[in-house]
Amino acid sequence: MTEGTVLRQHYHVSPAVFEGFRDVFRDLNPMHTDEAFARSHGFRGRVMYGNILNGFLSHFVGECLPQKNVVIQTQSIQYARPVFLDDKLELVAEVSGFFESVNAVEFKYYFQNEQGEKVARGKLQIGIL
C-alpha cells in the first residue's frame, strides 16, 4: 500500500446489524431503541450506535485489505452527523502514511451517507505482522 492509495467499501446499517449490536452489548439507551424518544429530541428516527462504525472499520481492516497479517494499533473517530437504521454508508480510506521502519500504515478515513454527507471521520493505524 502506497501513500495516496484510496480504498472504498460500502456498508448497510441493516436491522440485523442494529439488533446484533444491541443484543450483544445490551445498550438499551432510548436514543437508540425508542423511536418516539429519538423523535422527541429532534431526530428523524432512532440514532444508531456510533460503535457500529467501529465494527465496520474492523471489517475493513480484517477482510478488505489485501494483506491479512495486520492488526489495528490505533483508531480514532469523530462523529459529525447521526446515522439511522437502513442508512447505506460508504467508507473512504486513504493511505496517509507508510512507516517502513515499524511496518505500520496510517489511513485517514471518512464515512459518508447516500446524500454525500460525511457522518464520521478519523485516523486508523495498522501494523503489518
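What percentage of the 129 residues in the chain is buried? In this predicted model, buried residues make up 36% of the chain. The C-alpha atoms fill a box of roughly 50 × 30 × 20 Å along the principal axes.

The chain contains four helices and five strands. Read along the sequence, these elements follow the pattern β-α-α-α-α-β-β-β-β. Among the contacts with a separation of 6 or more, 63% are between residues 24 or more positions apart.

The strands can be taken next. All five form an open sheet in the order E1-E3-E4-E5-E2, with antiparallel pairing. E1 and strand E2 (70–79) stand at the edges with a single partner strand each, so one side of each has no neighbour in the sheet. On average, neighbouring strands of this sheet are turned by 20° against each other, direction ignored.

We can now walk across the sheet from E1. Strand E1 covers residues 6–12, and seven bridges join E1 to E3 in the antiparallel sense. One position in this pairing is Leu 7, which stands opposite Ala 93 in E3. Val 6 also belongs to E1. Is Val 6 buried, partly exposed or exposed? Val 6 has a relative accessible area of 39%, and because buried means under 20% and exposed means over 50%, Val 6 counts as partly exposed. Apart from neighbours within four places in sequence, Val 6 is in contact with Val 92, Ala 93 and Glu 94. Ser 101 lies 95 residues from Val 6 in sequence, and the C-alpha atoms of the two are 22 Å apart in space.

The next pair is E3 and E4, which run antiparallel and are joined by 10 bridges. Ala 93, already met opposite Leu 7, stands opposite Tyr 109 in E4. Leu 91 has Phe 111 in E4 as its bridge partner. The hairpin of E3 and E4 has four residues between the strands, and Asn 103 in this hairpin takes a positive phi near 50°.

E4 in turn pairs with E5, again in the antiparallel sense, over nine bridges. Two of the positions can be named here: Phe 107 has Leu 124 in E5 as its bridge partner, and Glu 106 has Gln 125 in E5. The hairpin of E4 and E5 has four residues between the strands, with Gly 116 at a positive phi near 85°. How many of the 10 residues of E4 are buried? Eight of them are, and E4 is thus mostly covered.

The helices come next. H4 lies across E1, E2, E3, E4 and E5, and runs at about 150° to E2. H4 also packs with H1, at an angle of about 105° and with the axes 11 Å apart. H1 and H4 are therefore roughly perpendicular to each other. In this contact, Val 17, Phe 18 and Phe 21 of H1 meet Asn 51, Ile 52 and Phe 56 of H4. The residues of the contact divide into five nonpolar, one polar and no charged.

What lies between these elements is a matter of side chains. In soluble globular proteins, nonpolar side chains tend to be buried together. The largest nonpolar core in this model has 28 residues. The residues with the most contacts inside this core are Phe 56, Phe 60, Leu 89, Phe 107, Phe 111, Leu 124 and Ile 126. Helix H1 (15–25), helix H4 (51–64), strand E3 (88–99), strand E4 (104–113) and strand E5 (118–128) each supply at least two residues of the core. Which element gives the largest share of the core? H4 does, with six residues.

Phe 107 shows how one core residue is surrounded. Leaving aside neighbours within four places in sequence, Phe 107 is in contact with residues including Met 1, Leu 7, Leu 65, Ala 93, Val 95, Leu 124 and Ile 126. Several names in this list have come up before: Leu 7 and Ala 93 stand opposite each other in the pairing of E1 with E3, and Leu 124 is the bridge partner of Phe 107 in E5. Leu 124 and Ile 126 are also among the residues with the most contacts inside the core.

Conventions: Residues are numbered from 1 along each chain as its sequence is written. This is a predicted model: local features need pLDDT of at least 70, side-chain atom pairs count only at pLDDT 80 or more; totals for chains, interfaces and linings use all residues. Side-chain values use heavy atoms; hydrogens and water are left out. A nonpolar core is a set of buried Ala, Val, Leu, Ile, Met, Phe, Trp, Tyr and Cys residues joined through side-chain atoms within 4.5 Å. Buried means under 20% relative accessible area, exposed over 50%, partly exposed in between (1.4 Å probe, protein chains only). Contact means heavy atoms within 4.5 Å. Axes are lines fitted to C-alpha atoms, for helices over the stretch in contact, and angles run from 0 to 180 degrees between N-to-C directions. Angles under 35 degrees count as roughly parallel, over 145 as roughly antiparallel, 65 to 115 as roughly perpendicular and the rest as oblique. Ala, Val, Leu, Ile, Met, Phe, Trp, Tyr, Cys and Pro count as nonpolar, Asp, Glu, Lys and Arg as charged, and the others, Gly among them, as polar. Two strands pair if DSSP finds at least two bridges between them.
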